[in-house]
Amino acid sequence: MSVSLSAQPTQKTKAFRHDINGLRAWAVMAVVLYHFGVPGFASGFVGVDVFFVISGFLMTSIIISGLEQGRFSLWGFYLARARRIIPALLVLCISLLILGWFWLPSIDYKILGTHAATALVFVSNLKFWREAGYFDVASHEKWLLHTWSLSVEWQFYILLPLGCLLLWHWLGRTAVKWALVAAGLLSLLLSIYVSARWPGAAFYLLPTRAWEMLAGGLVWWATRTQPMPRKMAVLAEVVGFALIIVSILCFDPAMQWPGYLALVPVLGAMCVLAANRSDSWLTANLIARRLGASSYSIYLWHWPFVVLLAYAGETANPLWIAAGIGLSVLMGELSLRWVENPTRKKLTKLSFTWQLLALGSTVAIAGLMSVGARYQHVEGRIDPAIESVVNEALNTKPRRESCFATSGEASNSCIYGGDKIRAIVIGDSHADATTTSVQYALQNSNEGVVDWSYVSCPTILGLHVISDSPAENCYAFNQWAAKKVGSYDKHIPLIIINRTSAYAFGQHNIKEKMNIPLSYFNKKSSVITEEFLNEYKSQLVKTACQLAKDRDVFITRPIPEMMDNVPTTMSRAMMFGKPVPQISISLEEYHQRHDFVWKAQDEAARQCGVKILDPLPYLCHDGRCWGSKDGRPLYYDDDHLSEYGNKLLVPMFKQVWAGS
């Protein structure tokens, strides 16, 4: 989200719009309180939609008024936006890069460098879209995640004046108005459609967000010459704030967003803007004026404090939360006084060329710092013990990028070990994470295993996976594998390794994704039904038995899932001088999560002699399953074994050839 202080008009207006400034204050505090996890603001993220409406209102005003008066300058418009946005963003990025040098582990610092570079060229929304969903836990530990909307707004700033200029000169003012209305409607329909199918794309990308900004422009067109009567304006403002407040209180991140639901806060913001009540106690009070003036900088600085709380493991600590909110407001005010206002005034006094040089050179310097952070390899920059723990997150199998299938109908069929095939490993990312332990279980170096691991794809025929990733091809991949396996010698066993429970019961440690099936057979559903579970079990058994007709099939019990990212949690405790946590789950928790899958696997063993491989004796003891051993993580995240951890399962996989 980008707070729309950056979008204030450059020309003088008849009267300062305190309602706009006050609406910014409401929106930014909704977002801030949501991000800090304050109760009652579970959907404060709708503040971004409010800001987009404000931005569209102001940008349309600037562009169309300039065109009507014959004094609109495209490059002047871009430069004005740059003066508003870039200086404060530069200070934030440079500050984080400097502080990160002395404190962040190399993995995190390189990620920060990449994200800073994309933020500075306003494409971070594309980067974050490709990495993870906005509401995912991993995304909320990225220092510059919040710049995604700044990128969306800047992309809008580039395209809107270009489109208006071309249509204005070719077809005139009326054509511009109706073209913007048509574009807004198309964007809204696209947003509704894409939100249901590809929620990550819908959230981050301009085509599904443009309608919110164009809605603000529509308000400007509708009210520019005919302001509302006072009584109607009062009613419109009350209705507008009611819609915004209902959105904040009643929506939640599990809902498809933006989609049609975003109409509620968008319409609310439109009503408040249309009311134009600059003397309203809701928007013109002293607090709203102050927060609204510094809203852009408050937004820029609040998110790093949110991430800092996550690093410290204090996201539920009221004192830390209060301090984070207070510091966000303080840094926003300081940034307004020391960065935004001074740089804007000084840049305005310079010629066009010198403004470009000043902004361009500072962006280039920050860009070089970002690239340096991305590729730095300085030994001893931080405590080697911390680096050792956090680097377990990178300890995945060799050739993973080429051998772990993420698209297409067929796996790359990589071979690990020698050319004499002794086993075929099939499954999802849990198979990918344990392939080399199967290889290590072989007796001779000339023996190897075939790797058929496919992202988010459990080995269950007829199953479709609900995912933003190419796992939509899981159905076709399993069909391919069922046929392809017949081309291998029947004496070669097949080892099935999957995160099976997740596809039936949802994520284990993400509240918004718990108890929501990640797969379906004929019809998608957001609830777990008895019918679905019966079919899930039946197809799991049927698939295993079909594959076991001509060869030995081994099914691996589910790998224990930790509740926290193991390398991250351990290393961050070390970064703050805290005792290193012993991450684990109880056997009771494990069996509660996986009892259904165990029973299905047992049924396959009874019906067709499928053999069971149990990892618990190797990963669990003293009534618990552990995430680390001898101070070293066994997982590279919360549920995937690292190359260090998966070697504990070598004795288990040796059972595959015990009778041969």
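**Reading the labels in a predicted model**

Author: In this predicted model, the side chains of Arg224 and Glu68 meet in a salt bridge, at 2.6 Å from N to O.

Reader: What makes the meeting of Arg224 and Glu68 a salt bridge?

Author: The cut-off is a side-chain nitrogen of Lys or Arg within 4 Å of a carboxyl oxygen of Asp or Glu. Arg224 and Glu68 meet at 2.6 Å, N to O, so the pair fits that rule.

Reader: Which parts does the pair of Arg224 and Glu68 tie together?

Author: Arg224 sits in the loop between helix 9 (210-223) and helix 10 (230-250), while Glu68 belongs to helix 2 (residues 47-68), so the pair links parts that are 156 residues apart in sequence.

Reader: Why is Arg224 called partly exposed?

Author: Buried means under 20% relative accessible area and exposed means over 50%, with partly exposed in between. Arg224 has 32%, so it is partly exposed. Glu68, with 29%, is partly exposed too.

Reader: How many salt bridges does the structure hold?

Author: It holds 28 salt bridges. Another one joins the side chains of Asp432 and Arg400, at 2.7 Å from N to O. Asp432 lies in helix 18 (residues 429-432) and Arg400 in helix 17 (residues 400-403), so this pair ties together parts that are 32 residues apart in sequence.

Reader: How do you know whether Asp432 is buried or exposed?

Author: Its relative accessible area is 1%, and buried means under 20%, so Asp432 is buried. Arg400, at 25%, is partly exposed.

Reader: Which residues do salt bridges with shared partners join into one network?

Author: They are Arg230, Glu237, Arg277 and Asp279. Within this network, the side chains of Arg277 and Asp279 meet at 4.0 Å, N to O. Arg277 is buried, with a relative accessible area of 12%, whereas Asp279 counts as exposed at 55%.

Reader: What makes Leu186 count as exposed?

Author: Leu186 has a relative accessible area of 60%, and exposed means over 50%, so the label fits. You can find Leu186 in helix 7 (residues 173-197). Together with Leu189, Ile192 and Tyr260, Leu186 makes a nonpolar surface patch of about 430 Å².

Reader: Let's turn to the strands. How do you know that strand 9 and strand 12 pair?

Author: Two strands pair if there are at least two bridges between them. Three bridges join strand 9 to strand 12 (residues 624-626), so they count as paired. The two run antiparallel, and Ser584 stands opposite Trp626 in strand 12.

Reader: What is the order of the strands in this open sheet?

Author: The order is 9-12-11, with antiparallel pairing. Strand 9 (584-586) and strand 11 (620-621) are the edge strands, as each pairs on one side only. Helix 24 (residues 587-608) lies across strand 9, strand 11 and strand 12, and runs at about 75° to strand 9.

Reader: Which strands are joined to strand 8 by three bridges?

Author: Strand 6 (residues 494-497) is joined to strand 8 in that way, and the two run parallel. Strand 10 (residues 611-613) is also joined to strand 8 by three bridges, again parallel. Ile555 in strand 8 stands opposite Ile496 and opposite Ile612 in strand 10.

Reader: Which way do the residues of strand 8 point?

Author: Val553 and Ile555 point one way, Phe554 and Thr556 the other way, and all are buried.

Technical notes:
Residues numbered from 1 in each chain as written. Predicted model: local features only at pLDDT ≥ 70, side-chain atom pairs only at ≥ 80, totals over all residues. Heavy atoms only, no water. Patch = residues over 30% accessible without salt bridge, like charges linked within 9 Å, V, L, I, M, F, W, Y side chains within 5 Å. Areas by Shrake-Rupley, 256 points an atom, 1.4 Å probe, with all protein chains shown as cover. Helix = DSSP H or I, 4+ residues; strand = E, 2+ residues; numbered from the N terminus. Buried < 20%, exposed > 50% of the residue type's maximum accessible area, 1.4 Å probe, protein only. Contact = heavy atoms within 4.5 Å. Axes fitted to C-alpha atoms, helices over the stretch in contact; angles between N-to-C directions.
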